[in-house]
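Okay, everyone, thanks for coming. I'll put the structure up, and then I'd like to walk you through it piece by piece.

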Amino acid sequence: MANQPVIIKSNKYGLIVVLDSKLPFEELKEEVADKFRSSAKFFGDAQMAVCFQGRSLNLEEEMELADTISKSCQ
């Protein structure tokens, strides 16, 4: 995943966000923000479930990423 540290996939339940397992968390958070900012028009104001894969996250990290996604898409 060196080329793409964050990949967004969709399924009938919402989004799957596949995360690079080796990137430092703060850098990964910036990559997530960039990815969702560039896709903001596509998502519009839709509300959907988000699932993280590819990396073990604790609850605090999951909440930080969810907040980052929310702020990036407005």
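Let's begin with helix α3 and its length. It has 15 residues, and at 1.5 Å a residue that should span 21 Å; the end C-alpha atoms are in fact 21 Å apart, so the two agree. Do keep in mind that this is a predicted model.

Now, which residues of α3 are buried? They're Glu 61, Leu 65, Thr 68, Ile 69, Ser 72 and Cys 73. These cover an arc of only 115° around the axis, so they sit on the same side of α3. Turn to the face pointing away from that buried side and you meet the exposed residues Leu 59, Glu 60, Met 63 and Lys 71. And look at the N-terminal end of α3, because there's a cap there: a side-chain oxygen of Asn 58 lies 3.1 Å from the backbone nitrogen of Glu 60.

Let me stay with one residue for a moment, Ser 72, which belongs to α3, residues 59-73. Is Ser 72 buried or exposed? Its relative accessible area is 8%, and the cut-off for buried is under 20%, so Ser 72 counts as buried. What does its side chain reach? The backbone oxygen of Thr 68, at 2.8 Å. If you skip the neighbours within four places in sequence, Ser 72 is in contact with Ala 33, Phe 36, Arg 37 and Ala 40.

Phe 36 takes us over to helix α1, where that residue is found. α1 has 14 residues and reaches 20 Å from its first C-alpha to its last, close to the 20 Å you'd expect at 1.5 Å a residue. Its buried residues are Phe 25, Leu 28, Lys 29, Val 32, Ala 33 and Phe 36. Those cover an arc of only 145° around the axis, so they too are on the same side of their helix, α1. Phe 36 is buried with a relative accessible area of 1%. For a sense of distance, Phe 36 and Arg 55 are 19 residues apart in sequence and 18 Å apart in space, C-alpha to C-alpha.

On to the strands. β1, residues 6-11, and β2 run antiparallel and are joined by six bridges. Between β1 and β2 there's a hairpin through two residues, and Asn 11 has Gly 14 in β2 as its bridge partner. On β2 there's also pairing with β3, residues 49-53: five bridges, and this time the strands run parallel. There, Val 17 stands opposite Phe 52 of β3. How many of the six residues of β2 are buried? Six of six, so to speak.

Last topic, the core. In soluble globular proteins, nonpolar side chains tend to be buried together. Here, the largest nonpolar core has 14 residues, and the ones with the most contacts inside it are Val 17, Leu 19, Val 32, Phe 36, Phe 52 and Leu 65. Which elements give two or more residues to this core? β2, α1 and α3 do, with α1 giving the most, four residues. Phe 52 is a nice one to click on: leaving out residues up to four places away in sequence, it touches Val 17, Leu 19, Leu 57, Glu 62, Leu 65, Ala 66 and Ile 69.

That's my tour, so over to you.

Notes
Residues numbered from 1 in each chain as written. Predicted model: local features only at pLDDT ≥ 70, side-chain atom pairs only at ≥ 80, totals over all residues. Heavy atoms only, no water. Buried < 20%, exposed > 50% of the residue type's maximum accessible area, 1.4 Å probe, protein only. Polar contact = N/O pair within 3.5 Å; in protein donor to acceptor, adjacent residues only side chain to side chain. Contact = heavy atoms within 4.5 Å. Expected span 1.5 Å × (residues − 1). Arc of directions from axis to C-beta. Core = buried A, V, L, I, M, F, W, Y, C linked by side-chain atoms within 4.5 Å. Pairing = 2+ DSSP bridges.
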